[in-house]
Structure formats: C-alpha cells, structure tokens
Amino acid sequence: MAEIKVTDLTFAYEGTAEDVLEQVTFHVDTDWKLGFIGRNGKGKTTLLRLLMGDYEYQGSIVTSTHFDYFPYEVKAEDLTKTADELMEGWKPQAESWQVLIQMNEIGMDAEFLYRPFGTLSHGERTRIMLAVLFAGENEFLLIDEPTNHLDAEAREMVKRYLASKKGFILVSHDRDLLDAVCDHMLVMNRETIEVQVGNFSSWWENKEKNDKNAIAENEKHRKEIGKLRAAADRSSRWAEKNENTKIGFDPVKEPERNISTRSYIGAKTKKMQARVKSYEKRMEREIEEKEGLLQDIERVPDLRLEPMRYHKEVLIHARDLALQYADAEQPLFRGVGFQVKRGDRIVIPGGNGCGKSSLIRKILQLAGGNAGPADAGREIKAEEKGDMSSQLLITEGTLEVGAGLVISYVNQDTSHLHGTLRDHCESEGLRENLLLAILRKLDFEREQFGKKMEDFSEGQKKKVLIAGSLITPAHLYIWDEPLNYIDVFSRMQIEKLILEFCPTMLLVEHDVRFREKVGTGFVKTVPFGF
C-alpha cells in the first residue's frame with residue numbers, strides 16, 4: 001500500500017483567466033476504491049489528467065505509484081485494428097494472456113480481442129479497455145465514466161467486475177455503480193474537496209445531516225450577529241448623545257452642571273465608544289469563525305416545466321410492431337406493444353443496438369417533427385413503404401401517433417452543438433433569457449455563457465439540450481439517454497422536476513435509480529434484437 005499526496009494543486013488552461021483547480025489538497029491510499037463525484041465542469045477529468053502528468057501545474061503530487069487512465073485513446077485509423085494490436089500502444093508492458101484472464105473475469109470471450117475494434121459495440125469496447133487497464137501490476141487506475149452509453153446488462157457486468165477490484169479512482173454519476181463498487185468517496189464540493197469513508201449513499205446521508213446542521217448553525221449565528229449589531233447601535237447612539245452634551249448647557253435648567261462635568265462626560269463617552277468597538281470586533285470575530293460555513297451547501301434550486309395537455313388520453317399506441325431498415329435483411333425487433341397515455345413516463349428497455357433510438361426516430365417521423373402534420377394520427381399500415389432508401393419501415397403491426405402531437409426531443413448525441421449559446425438559441429428558436437436561467441439552476445457559471453459550446457464538457461452539453469427541452473412546451477417529452485455525463489446533483493434535480501410536474505414522457509435511460517424513481521411503465525419487447 002502506498003499514499004498519494006496532493007497538496008495545494010492549482011491549474012488553469014492556457015488562455016483562460018480562471019483556475020480550474022485552486023489549492024486542492026487531499027491524501028488517499030492506493031488500495032482504496034474511490035468514487036469521485038462533483039458538478040459538471042468542476043475539473044474531475046482535469047485532475048485525473050494532472051495525476052497522469054499530462055499538464056504542468058502549481059503545487060505538488062507526491063506518490064511512488066504509477067497511474068494508468070481509462071478510456072484509452074482510439075483514433076479513426078485504429079478502428080480497423082484489433083484490440084490485441086491496439087494494446088501495444090495502450091499498455092506496452094501487458095501481455096495478451098494477462099488481458100485474456102481479465103476478459104474472462106468481465107464476461108467476454110477471447111475472440112473479441114482479435115476482432116476489428118470498429119466492429120465492437122460501446123459495451124464491448126469498454127469491457128476490453130477495462131480488461132487491458134487491469135492487466136498491469138502495481139498501478140493505481142484512473143477510470144473516467146466507464147458506463148456512459150452502456151445498456152443495463154453491460155453496466156451490470158462492469159459493476160460486478162469493478163466490485164472485485166481495488167486501487168482506483170472511479171469518476172461516475174451512476175449512484176447504483178458507486179454504491180456497489182466504492183469504499184471511499186472523493187468529492188469536489190463547491191469550494192473544497194473531501195475524502196470520506198463509505199459509498200455514495202452513506203456520503204450523501206452524512207452530507208444531508210451536515211448541511212442541515214450548518215444551515216441551523218448559520219441561522220443561530222445570523223441571529224446573534226443581529227443582536228450584537230442592535231447593541232452596538234444603541235451604544236453608539238448613547239455615546240453620540242453624551243458627546244453632544246459636553247459643550248454648552250443652561251445653568252437654570254441644569255444647576256448641578258459646571259465646567260468640570262465636561263471631563264466626566266468625556267470619560268463616560270469614551271467608555272461607551274470602547275464598548276461599541278468591542279461589539280464590532282466580536283461581530284468580526286464571529287463572522288470570521290463562521291466564514292465558509294455554507295460554502296459547500298448544495299443548494300439545488302427547483303426547476304419548472306409547463307407541459308401541454310393533449311386532447312386525447314392516448315398519445316402513442318403500438319401493437320405487435322416490427323421495425324426494419326429498407327436495406328436490412330431482418331427487423332430490428334418484432335412483437336413490440338405499448339401505449340403512452342397522458343401522464344405516463346414510459347421507459348424503453350433493451351441492450352445497445354436493439355432499436356430503441358430507431359423506434360424514437362420512427363415516432364418523430366410520423367409526428368412530423370415537433371408539431372405533427374394533420375394526418376400524423378392515422379394508423380400506419382405495414383404495406384405503406386414510403387421512401388425505401390431513408391425511412392424505417394413498419395413490417396408488422398401498427399404504430400399510431402396522435403394528430404397534432406407536439407414533441408420536445410433530447411437526442412443522445414451532442415456533436416451538433418457549436419458556437420455560442422446565443423447562436424444555439426437563434427438556430428433552435430429558443431428564448432435566450434429562459435435558457436440561461438435554466439442553465440444557471442443547473443449550476444452553469446455565468447462565465448460559461450460567452451464560451452463556445454465546443455469547449456463545454458460533455459455534461460454541460462447535455463445540460464444545454466435538457467434546458468432547451470424544459471423551456472419548450474410540449475404534449476410529449478422524448479428523451480434519449482439524457483443523463484449521460486450529467487452530474488449526480490443535476491440528476492436529482494431532474495428527478496424532482498419530473499415527479500412534481502408529471503409530464504408525459506418516453507424515455508431511454510440506463511440509470512437504474514432514475515428509472516426506478518420516475519418510470520411508470522416499460523415498453524413490451526418480445527424479443528429485442530436478433
């Protein structure tokens with residue numbers, strides 16, 4: 001076992017005014033299983049890159065251990081190579097037999113090591129990279145969001161695998177994964193960084209208690225400061241009043257006064273002024289002692305949503321549906337049946353590549369975009385082929401989409417985001433002031449508003465899409481993997497929003513906790529995929 005000591009670590013990207021990390025200090029042991037969380041854009045990936053030695057920094061990182069980082073870089077020209085060939089660049093000291101042992105532990109056949117990397121799914125690529133990552137010895141591993149874009153089955157495999165390992169930092173926003181895998185938490189709070197024993201749930205329980213106590217203590221402190229200020233104000237007014245009586249008096253009205261009284265009044269006034277200064281010093285001391293008391297409180301402001309009410313109870317109805325691309329030999333799936341009624345939040349389950357996004361694409365196609373055409377509600381028969389080269393075909397069953405249905409859609413892809421937020425609002429027809437207000441509630445710093453979206457973190461890009469959806473009144477909200485890269489606190493904000501305003505939704509999401517909290521039903525699939 002070794003230690004990693006990070007002291008006063010400060011870093012800023014070249015050309016930027018603000019520090020990404022400032023005076024960061026923490027110590028961890030290399031046999032811990034650390035979960036690493038924090039708001040989007042707080043510098044989690046940057047910190048991992050600093051540990052890897054990728055950037056110059058101020059402060060110190062002291063350790064005798066070596067680091068390795070997931071995910072490995074894969075270039076376009078690498079997609080034709082096998083993982084066995086690529087691992088020579090990823091981890092030169094690892095041998096194929098060591099990787100094969102890890103692949104067996106993570107539930108993969110040896111043949112995947114020798115397939116072209118471009119032919120593998122997201123889940124298969126992730127598991128092979130993790131197998132290579134853990135094939136080394138005497139390393140502390142830095143794992144950056146391994147479950148993004150993975151389906152439930154692949155997530156479960158990764159969860160079981162990581163639970164059997166130790167000696168890593170795991171950046172993740174998946175609460176189920178953090179609870180199952182981690183024995184310590186490394187948390188980037190708003191102003192500080194902390195290390196705590198336990199998993200996410202135990203840390204969150206302690207945080208809620210500590211935040212509650214801090215808020216109560218702050219209220220008590222605020223009242224005490226108010227009393228001190230009132231006392232100081234009274235003493236100040238008394239001192240000023242007495243000071244004004246030093247010079248000038250009416251001998252008829254005040255026969256007991258004489259010129260020698262002046263020194264007595266002056267001494268009394270001086271004493272009162274000293275008392276005022278004492279009050280002020282005490283206030284300053286108490287304020288200083290309590291400075292930063294609420295600096296790490298996670299104030300999660302409530303979001304708002306104004307869904308439109310559809311005139312019919314059923315918005316979408318599918319019966320024994322099979323969907324197929326025109327140039328494909330067989331359907332993506334068959335036997336799918338479901339209804340989306342007003343107030344439902346229907347989750348589309350299934351593995352990667354089984355047709356979830358294609359089903360959403362077909363629904364959007366039939367609805368004609370956000371506002372469905374006049375005939376969008378009619379029943380689409382299997383024999384209606386449409387454009388054979390570009391359209392998804394219904395080869396069995398029917399899919400009915402309500403006429404005039406207004407849909408707000410969040411795509412899982414963020415690659416189309418470019419330019420400033422103002423540019424985005426103009427191109428999408430969004431009200432800029434509303435979008436910025438929602439982003440502020442989702443913990444965007446004002447400094448981000450003037451930046452190019454290409455420079456945003458992936459979590460910040462997803463927040464732009466979600467914020468755009470939230471300010472778009474709609475009958476139906478279709479969100480395709482909306483939570484990839486979204487931080488834990490924002491996930492809980494979104495959960496609360498959905499439960500409060502009860503929008504009608506069709507969701508693809510692999511976050512188990514999120515699905516359990518907000519889902520009201522599932523699409524029936526018999527079977528998904530071939």
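A residue counts as buried here when its relative accessible area is under 20%. Keep that cut-off in mind as we walk through this predicted model, beginning with helix α9.

Helix α9 covers residues 356–367. At 1.5 Å a residue, its 12 residues should span 16 Å, and the end C-alpha atoms lie 17 Å apart, which agrees. Now apply the cut-off: 9 of the 12 residues are buried, so α9 is largely enclosed by the rest of the structure. The buried set is made up of Lys356, Ser358, Leu359, Ile360, Lys362, Ile363, Leu364, Leu366 and Ala367. What do these buried residues of α9 pack against? Their partners are strands: β10 (314–325), β11 (333–341), β13 (392–401), β14 (407–410), β15 (476–480) and β16 (505–508). Just after the helix comes Gly368, with a positive phi near 75 degrees.

Let's turn to the empty spaces. Rolling a probe the size of a water molecule over the atoms shows where such space is left. The structure has 1 cavity of 30 Å³ or more, and the volume of the largest cavity is about 60 Å³. Around it you will find Glu145, Thr147, Asn148, Arg155, Ser172, His173, Asp174, Tyr485 and Arg491. By class, that lining holds 1 nonpolar, 4 polar and 4 charged residues.

There are open pockets to look at as well. The second largest pocket has a volume of about 380 Å³. It is lined by 17 residues, of which Thr30, Asn138, Glu139, Lys166 and Gly167 are the closest to its centre. Strand β6 (residues 139–144) supplies the largest share of this lining, 3 residues. The classes here are 6 nonpolar, 6 polar and 5 charged.

Key. Residues numbered from 1 in each chain as written. Predicted model: local features only at pLDDT ≥ 70, side-chain atom pairs only at ≥ 80, totals over all residues. Heavy atoms only, no water. 1 Å grid on protein atoms, 1.4 Å probe; cavity = no way out; pocket = protein on both sides within 12 Å on 5 of 7 lines; lining within 4 Å. Points joined across faces, edges and corners; volume = space filled by probe spheres on them. Nonpolar A, V, L, I, M, F, W, Y, C, P; charged D, E, K, R; others polar. Helix = DSSP H or I, 4+ residues; strand = E, 2+ residues; numbered from the N terminus. Expected span 1.5 Å × (residues − 1). Buried < 20%, exposed > 50% of the residue type's maximum accessible area, 1.4 Å probe, protein only. Contact = heavy atoms within 4.5 Å.
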